[in-house]
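User: I am new to this structure and would like to learn how to read it. Please guide me through it feature by feature.

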Amino acid sequence: MPAIASWRELLREAEAECRAAFEEEPLRKLVGEPARAFELLSSVGWNSVSAAHLCALTQSADAAREEAFARAILISASLHAIPRLFDAPFPASVKIFWAEEFRFFVRPPERWLKHFRLHDVRFLEFCRIATLRRVPAGQFHLEMSALPRSSLMAGPWRQRLGLCRFVARSGGFGPLAETHVNDRRRNRLTLIESEGLLSYYRLAETLKLQPGVRGLLTSSWLYCRSTAEITPRLAWLRRFFEENGAFLADLGPAPPDSGFLIGSEERTRLYHDGAYRPRMTLVLWPRRAILAWAERCAELGGDFGPG
């Protein structure tokens with residue numbers, strides 16, 4: 001990664017590349033000027049229905065044209081986003097990742113072109129990155145969210161009591177930084193502990209700049225106890241939170257389409273044999289515990305990089 005001291009230059013370089021690509025873009029009139037493109041993408045959420053208004057702008061069924069339109073509107077929105085980032089409350093390392101994302105929109109590798117389709121889940125993520133709602137932090141991305149109130153009724157009474165205590169001590173249900181796996185991470189075959197810790201450290205640095213964020217929220221079969229037993233290389237995901245002040249809650253059986261059947265023949269075999277039934281596990285990591293962990297890392301001289 002380039003030196004942190006150059007994050008301003010990297011953002012300016014990304015802006016220049018986006019501007020050059022936008023000025024040469026034949027679909028420029030169709031996607032609109034940067035402020036308009038940013039506004040259009042700001043309403044894109046987690047499902048393809050939220051991108052329906054984009055489909056109305058291009059009626060072509062041609063895949064190449066749809067890819068070109070998707071990239072053009074992302075580039076246009078990025079031109080509106082980049083100036084905002086200079087004074088935005090994020091650490092330098094995160095701003096560098098954002099610069100890389102903007103440049104990715106301009107020159108995506110060929111294998112990624114198929115994801116520049118208006119109903120593709122990756123494109124929906126790109127929209128939230130371009131509008132500064134999805135924070136690129138390395139192996140994990142962050143999005144502001146809140147603890148669903150329905151989760152207070154999940155599980156046995158001891159678990160419910162723990163969830164209520166978290167809400168009371170945190171001062172509310174949110175905002176919480178929800179983590180998501182970065183599909184464009186360096187090693188797509190697994191989740192690496194050292195890279196994960198770097199993402200958590202960037203979260204801590206972000207929290208220092210955003211005092212209103214109450215902590216971290218995430219939920220997945222990845223944090224299930226049985227997953228740690230079946231797939232030891234992923235055991236660090238649960239162990240890290242257990243050892244650093246997080247609250248873990250069982251939300252019930254993980255649905256078969258939640259991802260645990262992908263990437264491991266062993267998990268798949270054991271699941272079909274009835275020996276592996278992962279549970280969706282909720283993780284809540286309070287702000288104070290996150291900052292305390294980051295302080296311990298600094299005291300120990302952990303190699304987490306600047307900013």
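Analyst: The discussion below takes up the sheet, the helices on it, the core, one loop residue and the cysteines.

Analyst: This is a predicted model, in which local features need pLDDT of at least 70 and side-chain atom pairs count only at pLDDT 80 or more, while totals for chains, interfaces and linings use all residues. Residues are numbered from 1 along each chain as its sequence is written, and side-chain values use heavy atoms, with hydrogens and water left out.

User: How should I read the sheet, and in what order do the strands form it?

Analyst: Strands of a sheet pair through backbone hydrogen bonds, either parallel or antiparallel. Helices (H or I, at least four residues) and strands (E, at least two) are DSSP runs, numbered from the N terminus. Two strands pair if DSSP finds at least two bridges between them. Here six strands make an open, mixed sheet in the order E1-E2-E3-E4-E6-E5. Strand E1 (134-136) and strand E5 (247-253) each have a single partner strand, so one side of each has no neighbour in the sheet.

User: Which residues stand opposite each other in E1 and E2?

Analyst: E1 and strand E2 (residues 140-145) pair in the antiparallel sense over three bridges. Val 135 stands opposite Leu 142, and Pro 136 opposite His 141. Three residues lie between the strands of this hairpin, where Gly 138 takes a positive phi near 100°.

User: How does E3 pair with E2 and with E4?

Analyst: E2 and E3 are antiparallel, with six bridges, and Met 144 stands opposite Ala 177 in E3. E3 and E4 run parallel and are joined by two bridges; the bridge partner of Ala 177 in E4 is Leu 216.

User: Which strands does helix H8 touch, and across which does H9 lie?

Analyst: Contact means heavy atoms within 4.5 Å. Axes are lines fitted to C-alpha atoms, for helices over the stretch in contact, and angles run from 0 to 180 degrees between N-to-C directions. Helix H8 (residues 157-170) packs on the sheet and touches E3, E5 and strand E6 (279-286), with its direction at about 130° to that of E5. H9 lies across E2, E3, strand E4 (215-220) and E6, at about 35° to E2.

User: How is a core recognised, and how many residues has the largest nonpolar core?

Analyst: A nonpolar core is a set of buried Ala, Val, Leu, Ile, Met, Phe, Trp, Tyr and Cys residues joined through side-chain atoms within 4.5 Å. Buried means under 20% relative accessible area, exposed over 50%, partly exposed in between (1.4 Å probe, protein chains only). The largest nonpolar core has 83 residues, and those with the most contacts inside it are Leu 54, Phe 102, Phe 105, Tyr 200 and Trp 285. Its largest share, eleven residues, comes from helix H5 (residues 63-85).

User: Why is Thr 190 counted as buried or exposed?

Analyst: Thr 190 counts as buried because its relative accessible area is 19%. Thr 190 is placed in the loop between strand E3 (176-181) and helix H9 (193-209). A polar contact (N or O atoms within 3.5 Å; within protein, one must be able to donate a hydrogen and the other to accept it, and residues adjacent in sequence count only if both atoms are side-chain atoms) of 2.7 Å joins the side chains of Thr 190 and Arg 233.

User: How many disulfides does a search of the whole structure find?

Analyst: A disulfide is a pair of cysteine sulfur atoms within 2.5 Å. The search finds zero disulfides. For Cys 18, the nearest cysteine sulfur is that of Cys 127, 14 Å away.
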